[in-house]
Every structure is written in structure tokens, then in C-alpha cells.
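This report takes one residue as its starting point and works outward to the sheet around it. The structure comes first.

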Amino acid sequence: MESFYDQIFCKLPSLPEEFQTRAQTELNETKDKRDECLTQIRELIKSDNNIEACFPTEDDDHLLRFLRSKKFDVERTFELIKSHVKFKRKYPEVSEDLTFESVRECLLNGFPSILPERDAQGCIVLLFSIGNWDRNKFPNDVVLRSYLFLLDYLLLNEETQLNGITIVENFKNYTLLQALTTRPSDMKKMVESIQGTFPSRFKGAHFIYQPWYFTHTVRLIKPFLKTKLASRVFLYGYDLEPFWQCFKPSMIPVDLGGTGPCYDPKPMVDALAKAVAEREQVTQKKSAD
């Protein structure tokens, strides 16, 4: 039997009727719309030599993740693709040579983690325990590479493309030294990675157990947040009563105040390794054909 992690790192065998109904209602998606928009977005990409040179157009599924994120608005999708390419060119240190082996150790240490079930809205829930983060061992770019590698595999799944992703930022054990040594440039790069450059529907960031000096971190992040993203940032501190309205206690680890088991990164990393191997086999087969 496939585990939760096995399921989230792969394309659905077929699109369930419920998905098709919601996709039509929320994303304006129909088969005719898909075919029409795929043709149009390919034409736009091919009309721009700078984009065509580094953005693959052969794979329908890859293009569809971008189209779904913009509700099949072709012009907005093309703007997203241009922003995506611009981000990768601007920050080659987090986008080039992005392999499983380059991020494996970081993921095994929980940076970031994926909770073992979706939330009530069907979102994938990423967990980042910043107080446990040793920047000397895993610099900011290494953690961001891990996030981007995960994101690529999570977006293989159409359910995740539709429902989106949310983040829980755990600030237990976050030190004053960590706050004071956070660099604005790192915050800017992190915000850009989730704001208008990748085809993920970002549904919210939930901050828990943040100390008083977290205000310094907020001041670094705030200038880079657009209005839409800023409206999806929720700060709880130690008052988790409203937090439990968004997340079941059973899905939050007991060491964070929930009733779920402590997070074990190994099942997620093992499932990801399996997905990477399967994807490489498919790619090799296509090349051979």
C-alpha cells in the first residue's frame, strides 16, 4: 500500500471527477480550455527567444502546472513563466545543479519537513522549525534549494496544483542571535521564491511560538511582501487557539503542542528518492525512444 508521501510526489493516475468539477469551478479548466491554452502558451514562449532557450515546452504536464496556478489566464501565465526564468537566472546558486543528492542531507534534518497529511482545505503542509536550524551546517541557500527541489516534485501532483501549499513556521528555541544575524538579502530571496516566480498556489504562512524579538525578522521580511501574500501571513505566538481552527491537533507533532507523533523525516525522504528514481527512468525511456 502506498504511503501518503508516495502519493504526493507523483502525478495522479487519472483526474477524479471531483477534481475535474472543482478545477472547472475554481480554475476555469475544461479539456477544450486545456488544449486551447496549451497551444497559446507554447506560441507565446516560442515568440520570445530568451524564454524559449531555457524553458521546456514539450511536456503538457509541466505547462499545465503554470496554467493552473493562473487559472488558465494565458497572459498571466506567460508573465509567471518569465518571472520563473528571471528568478533562476538571478539566483543560479539555488537553481542550478539541483539534484536529490545535493539536498538529501538537509531534508533528512527536517529543513523543510512535510506533515504526513493534508490540511482541511487539501493543502500540503510544510513545517520549518527555525529554532533547530544551524546556519553553519545548512546555509540559507542550501535550505532554499531543498524547498525548491521539494516544490518541483510536489507540483507533479494535480491535487496539490489545485489545493495549494501552506507553511507552518515554528519559532520554538529561536534565539536573539539568530534574529540579529538574519540578512535582508536572504529574506528577499526566500520571499521571491514563493511570490510570483513558481507555479504553486500559496495559501498561507502560520507562525507559532515566535518571541518578542521576532519583530526584527518581520521588519526584514515586510518590505518584500506584496499585499496578497501579506494577507496570508498569520502570527499566533503562544496563543494557539486560533491556530487549531486551521489545523487538526492530530496532524501537528506533540512537541509543537499537537497530538501527532514527532516528525520523522525518513519516510518522506525515502518516498522522494523513489519518485526521483522513477522520474529518471521515464526520462531515460523517452530519450531512448
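S129 lies in strand β2. The model is predicted. Is S129 buried or exposed? S129 is buried, because its relative accessible area is 13%, under the 20% cut-off. Its side chain reaches the side chain of N170 in a polar contact of 3.0 Å. Beyond neighbours within four places in sequence, S129 is in contact with F111 and N170.

The next step is the strand pairing. Strand β2 covers residues 124-129 and runs parallel to β3, residues 165-170. Six bridges join β2 to β3. Strand β3 also runs parallel to β4, residues 202-208, again through six bridges. Strands of a sheet pair through backbone hydrogen bonds. Individual partners are listed below.

| Residue | Stands opposite | Strand of the partner |
|---|---|---|
| I124 | I165 | β3 |
| L126 | I167 | β3 |
| I165 | F202 | β4 |

I165 thus appears twice: it partners I124 and stands opposite F202.

How many of the six residues of β3 are buried? Six of the six are, so β3 is largely enclosed by the rest of the structure. In a regular strand the side chains alternate between the two faces of the sheet. Both faces of β3 are covered. I165, I167 and E169 are buried on one side. T166, V168 and N170 are buried on the other.

Now the whole sheet. Five strands form an open sheet in the order β1-β2-β3-β4-β5, with mixed pairing. The edge strands are β1 (113-114) and β5 (233-237), each pairing on one side only.

How values were computed: Residues are numbered from 1 along each chain as its sequence is written. This is a predicted model: local features need pLDDT of at least 70, side-chain atom pairs count only at pLDDT 80 or more; totals for chains, interfaces and linings use all residues. Side-chain values use heavy atoms; hydrogens and water are left out. Two strands pair if DSSP finds at least two bridges between them. Helices (H or I, at least four residues) and strands (E, at least two) are DSSP runs, numbered from the N terminus. Buried means under 20% relative accessible area, exposed over 50%, partly exposed in between (1.4 Å probe, protein chains only). A polar contact is a pair of N or O atoms within 3.5 Å; within protein, one must be able to donate a hydrogen and the other to accept it, and residues adjacent in sequence count only if both atoms are side-chain atoms. Contact means heavy atoms within 4.5 Å.
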